[in-house]
Amino acid sequence: MEQAKLTENTSKLASYDAYFEMVQRRKKLPRNLQETLTDAFANIPVSSFPQVPGGKVIEIDAETSIGDAVKILSESNILSVPVKNPAAQNSLDWRERYLGVLDYSAIVLWVLEGAETAAAAISASSAAAAGVGAGTVGALGALALGATGPAAVAGLTVAAVGAAVAGGVAADRGAGKDAPTAADKLGEDFYKVILQEEPFKSTKVSSIIKSYRWAPFVPVAMDSSMLSVLLLLSKYRLRNVPVIERGSPYLKNFITQSAVVRGLVGCKGRDWFDCISAHPISELGLPYMSADEVISVRDDELILEAFKKMRDNNIGGLPVVEGPKKKIVGNVSIRDIRFLLLKPELFSNFRQLTVAGFMNTVASATHDATKAATPITCKLGSTLCAVIDTLASKLVHRIYVTAEDGDEVVGVITLRDVISCFIYEPPNFFDNYFGFSAQEMLGN
């Protein structure tokens, strides 16, 4: 067992090396410029990075209920949160004190995948009030998400769950049976209705610790270099990096990929930034992912197939394409999965619900026809500066690259890729800086 774990960790670390070696090969920047930039980041302390809004990092206990965790994420307007180990509250060792970082989408996926087995309890208490009987509309089915259980065997459906949720919201608001329209954000409807039902309200965060999009807790110190942060957010695939005071386990900051890219926007006018960002992305070797490596979903495929692809490939979004040339017509992200729990019409014909139908419903729910239907794209001739501006202003994690003569997807650029453009890893930096414990965490 230990040998198998060691082999898996070694394989993950090797994949990080392979990605970064590919990036360095494809970048067409002078070596001396890259070395100068890397040295500069190595001399910038983490303490200089702006604090999180409010100056205090939000944390949750592993014994927090799923419902309360969603409420905390919602009220704090954040999408991920460090999780503390209740058995090590007095420990001064961060390895004991923190279990990992929980992503909002992990909770939503857990709720959706568990909805089949929860349908009996929810439909019994709420579906009747909503005027919808269990099993009256198309079932999600065991095949769709690989779910099995007594609820599926009994023919109980996620549709009943969705209708019950909508009915509960409507009853609470005295608004007939209209679906909530505030699903665009982490809304009170989500935790007020779904997560007050069993088993959701009594399930603890610790129960989904190793689920999809659970991230390891790998901190840096306030006096560490920004180079270490940038490497963790790029080469080592972390979406966020906790910051602690050296010799203390308490969190001082929480740096995300998005925050770094937004910070790069503020660097316009500085020679080091302009000399790189003025280049067309093709001259920087971007996109690093080729056309045949891009995972997409057709607009006529089932929306659940899209979410399965994201889950199975550990990615957060997909371009929606149509036709043999894969013309991009939209995009869906893992966060959009919450609409499946808040819009009853999405359940009314689940077996036939296509990606296109789903996107139309999302646009209707948010009163914004561009919400999911308008793809966020760039061309091979676009400058890196323009790409960074788009990622920062649209608050997205990826931008799709289309052919110069059309809308065919030829690549994708992620926040990770953008950060990778500005740095390389000095020899032995990982071994000297991070040490064995961090290597073990990153390999998990």
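In what order do the three strands of the open sheet with S7, S8 and S9 lie, and with what pairing? In this predicted model, the order is S7-S8-S9 and the pairing is mixed. Strand S7 (297-298) and strand S9 (327-333) form the edges of the sheet. Each of these two strands has a single partner strand, so one side of S7 and one side of S9 remain without a neighbour in the sheet. S7 and strand S8 (residues 317-322) run parallel and are joined by two bridges. One residue pair in this arrangement is Arg298 with Val321, the latter being the bridge partner in S8. Helix H13 (residues 303-313) packs on the sheet and touches S7, S8 and S9. The direction of H13 makes about 70 degrees with that of S9.

Several residues of H13 are buried, among them Ile303, Leu304, Ala306, Phe307 and Met310. Two lysines of the helix, Lys308 and Lys309, are buried as well. Just after H13, Asn314 adopts a positive phi of about 55 degrees. Ahead of the sheet, the loop between helix H12 (271-277) and S7 contains Pro287. The peptide bond that leads from Leu286 to Pro287 is cis, and its omega is near -5 degrees.

A further open sheet of three strands has the order S1-S2-S3, again with mixed pairing. Its edge strands are strand S1 (60-61) and S3, each of which pairs on one side only. S1 and S2 run parallel and are connected by two bridges, and Asp61 stands opposite Lys84 in S2. On the other pairing, strand S2 (residues 80-84) and S3 are antiparallel over five bridges. Here Pro82 is placed opposite Val101 in S3. Although S3 is an edge strand, strand S3 (residues 98-103) is mostly covered, with five of its six residues buried. The two pairings in this sheet illustrate a general point. Strands of a sheet pair through backbone hydrogen bonds, either parallel or antiparallel.

Helix packing was examined for H2 and H10. Two packed helices are described by the angle between their axes and the distance between the axes. For H2 and helix H10 (residues 226-233), the angle is about 110 degrees and the axes lie 6 Å apart. Because angles from 65 to 115 degrees count as roughly perpendicular, H2 and H10 are classed as roughly perpendicular to each other. H2 contributes Thr38, Phe41 and Ala42 to the contact, while H10 contributes Met226, Leu227 and Leu230. By residue type, the contact of H2 with H10 comprises five nonpolar residues, one polar residue and no charged residue.

Gln34 also belongs to helix H2 (residues 31-42). The relative accessibility of Gln34 is 5%, so this residue counts as buried, given that the limit for burial is under 20%. Apart from neighbours within four places in sequence, the contacts of Gln34 are with Gln24, Lys27, Leu29 and Tyr424.

Positive phi values were also found in two loops. Arg237, in the loop between H10 and strand S5 (240-244), has a phi near 65 degrees, a positive value in a residue other than glycine. Its relative accessibility is 44%, and Arg237 therefore counts as partly exposed. Asn428 is situated in the loop between helix H17 (415-420) and helix H18 (429-433). The phi of Asn428 is likewise positive, near 65 degrees, in a residue other than glycine. With a relative accessibility of 52%, Asn428 counts as exposed, because the exposed class begins over 50%.

At the level of the whole protein chain, 19 helices and 12 strands are present. Of the 444 residues in the protein chain, 52% are buried. Among contacts between residues at least 6 apart in sequence, 70% join residues at least 24 apart. The mean pLDDT of the protein chain is 74, and 68% of its residues reach 70 or more. Over residues 116-191 the pLDDT is below 50. Beyond near neighbours in sequence, this stretch nevertheless has 135 contacts in the model.

Notes
Residues are numbered from 1 along each chain as its sequence is written. This is a predicted model: local features need pLDDT of at least 70, side-chain atom pairs count only at pLDDT 80 or more; totals for chains, interfaces and linings use all residues. Side-chain values use heavy atoms; hydrogens and water are left out. Helices (H or I, at least four residues) and strands (E, at least two) are DSSP runs, numbered from the N terminus. Buried means under 20% relative accessible area, exposed over 50%, partly exposed in between (1.4 Å probe, protein chains only). Contact means heavy atoms within 4.5 Å. Two strands pair if DSSP finds at least two bridges between them. Axes are lines fitted to C-alpha atoms, for helices over the stretch in contact, and angles run from 0 to 180 degrees between N-to-C directions. Angles under 35 degrees count as roughly parallel, over 145 as roughly antiparallel, 65 to 115 as roughly perpendicular and the rest as oblique. Ala, Val, Leu, Ile, Met, Phe, Trp, Tyr, Cys and Pro count as nonpolar, Asp, Glu, Lys and Arg as charged, and the others, Gly among them, as polar. pLDDT is the predictor's confidence in each residue, from 0 to 100.
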